[in-house]
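Here is a short report on a protein model, covering one charged residue, the packing, the salt bridges and the backbone.

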Amino acid sequence: MLKNMKVDLLNVEVYESRPAMGAAAAADAARVLKELLAEKDEINVMFAAAPSQNEVLASLVADKSIDWTRVNAFHMDEYINLAADAPQGFGNFLRDRIFGLLPFKSVSYLNGNNPDIEAETERYSALLAEHPLDVCMLGVGENGHIAFNDPPVANFDDPKAVKIVELDQRCRQQQVNDGCFAAIDEVPTHALTVTIPGMTSAKYMFCVVPAPTKAEAIGHMLKDEISTACPATILRRHEGAKLYLDPDSASLVL
């Protein structure tokens with residue numbers, strides 16, 4: 001580890017490389033998962049779908065010490081009206097990297113192609129109410145978003161657990177920057193997202209953020225006042241949150 005610090009309630013750790021960052025986050029998450037499984041018959045875990053999560057997901061899949069048959073899995077966002085088999089779909093991303101590779105007790109997918117999209121928000125909200133989150137594995141967007149809570153739509157006191165959002169331009173451009181889409185015109189304009197209260201209800205939050213494209217967002221996250229101008233700042237109010245960085249994403253805060 002290169003550096004650790006605390007910003008308000010948020011523990012921050014900077015690792016010497018992206019693989020080391022992912023491995024450390026996975027090791028910490030695995031320890032917490034096993035502690036929770038020692039206390040409960042089953043637990044509920046939410047995962048982010050993004051290239052930034054590749055290392056932590058791979059490390060979790062490789063960990064044979066976790067009883068995944070007692071874990072209910074959820075994801076936090078999904079495009080609306082993207083082809084059901086599109087590789088850019090977040091459910092498909094997670095199916096390929098973790099959901100389809102481990103024997104979860106259950107996997108609950110958001111369906112962005114439900115003909116009644118409002119009903120889909122209610123369906124998934126009900127599932128989350130039935131399965132209160134124990135752990136949330138997340139990242140931070142270039143505009144400081146968590147899930148698809150972009151600054152224009154983020155609400156720290158959102159009354160909903162899941163909602164429909166219009167994606168802002170910078171968020172959509174990030175999907176091109178990440179190599180998920182060839183051009184911004186291909187990126188859907190709307191999505192389903194778990195809201196900020198829906199995510200922060202988790203007792204533990206492991207936030208994994210590599211790459212130079214995230215340095216500006218991390219600078220705002222750790223240095224600015226806590227506000228929806230940078231939605232990720234809310235993690236500084238969460239006692240169970242921890243942020244993992246590599247040298248590139250931490251370059252403005254080292």
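Which residues does Arg172 touch, not counting residues up to four places away in sequence? Arg172 touches Leu167, Ile184, Asp185, Val187, Pro188 and Thr189. A contact here means heavy atoms within 4.5 Å.

This is a predicted model, in which local features need pLDDT of at least 70 and side-chain atom pairs count only at pLDDT 80 or more, while totals for chains, interfaces and linings use all residues. Residues are numbered from 1 along each chain as its sequence is written, and side-chain values use heavy atoms, with hydrogens and water left out.

**A buried arginine**

Arg172 sits in helix H5. Helices (H or I, at least four residues) and strands (E, at least two) are DSSP runs, numbered from the N terminus. Arg172 is buried, yet has no salt bridge. Buried means under 20% relative accessible area, exposed over 50%, and partly exposed in between (1.4 Å probe, protein chains only). A salt bridge needs a side-chain nitrogen of Lys or Arg within 4 Å of a carboxyl oxygen of Asp or Glu. The nearest side chain of opposite charge to Arg172 is Asp185, 5.4 Å away. For charge, Lys and Arg count as positive and Asp and Glu as negative; His and the chain ends are not counted. The Arg172 side chain does reach the backbone oxygen of Ile184, at 2.9 Å.

**The nonpolar cores**

The largest nonpolar core has 48 residues. Such a core is a set of buried Ala, Val, Leu, Ile, Met, Phe, Trp, Tyr and Cys residues joined through side-chain atoms within 4.5 Å. Phe47, Leu60, Trp68, Ile98, Phe104 and Met137 touch the most other members. Elements giving two or more residues to this core include helix H1 (18-39), strand E3 (43-47), strand E7 (135-138), helix H5 (169-177) and strand E10 (204-209). H1 gives the most, with eleven residues.

Phe47 has many partners. Not counting residues up to four places away in sequence, its contacts include Leu57, Leu60, Trp68, Ile98, Phe104 and Met137. Apart from this core lies another, of 45 residues, among them Ala48, Met76, Phe156 and Cys230.

**Strand E7 and its neighbours**

What covers E7? Both faces of E7 are covered. Val135 and Met137 on one side, and Cys136 and Leu138 on the other, are all buried. E3 and E7 pair in the parallel sense over three bridges; two strands pair if DSSP finds at least two bridges between them. Val45 has Val135 of E7 as its bridge partner. E7 and E10 also run parallel, joined by four bridges. There, Met137 stands opposite Phe206 in E10.

**Salt bridges**

The whole structure holds eleven salt bridges. Three of them are listed here.

| Acid | Base | Closest N and O atoms |
|---|---|---|
| Asp8 | Arg236 | 2.9 Å |
| Glu35 | Arg31 | 3.5 Å |
| Glu216 | Arg170 | 3.1 Å |

Asp8 lies in the loop between strand E1 (3-7) and strand E2 (10-14), and Arg236 in the loop between helix H7 (215-223) and strand E11 (241-245), so this pair ties together parts 228 residues apart in sequence. Asp8 is partly exposed, with a relative accessible area of 47%. Arg236 is buried, at 8%.

Glu35 and Arg31 both lie in helix H1, four residues apart, about one turn of the helix. Glu35 is partly exposed, with a relative accessible area of 38%. Arg31 is partly exposed too, at 42%.

Glu216 is in helix H7 and Arg170 in helix H5, so their salt bridge ties together parts 46 residues apart in sequence. Glu216 is partly exposed, with a relative accessible area of 38%. Arg170 counts as partly exposed, at 34%. Elsewhere, salt bridges that share partners join Glu13, Asp28 and Lys242 into one network.

**Positive phi**

Most residues other than glycine have a negative phi. Asp8 has a positive phi, near 55°. Asp8 is found in the loop between E1 and E2. Ala211 also has a positive phi, of about 90°, although it is not a glycine. Ala211 is found in the loop between E10 and H7. Ala211 counts as buried, at 14% relative accessibility.

Note on methods:
A polar contact is a pair of N or O atoms within 3.5 Å; within protein, one must be able to donate a hydrogen and the other to accept it, and residues adjacent in sequence count only if both atoms are side-chain atoms.
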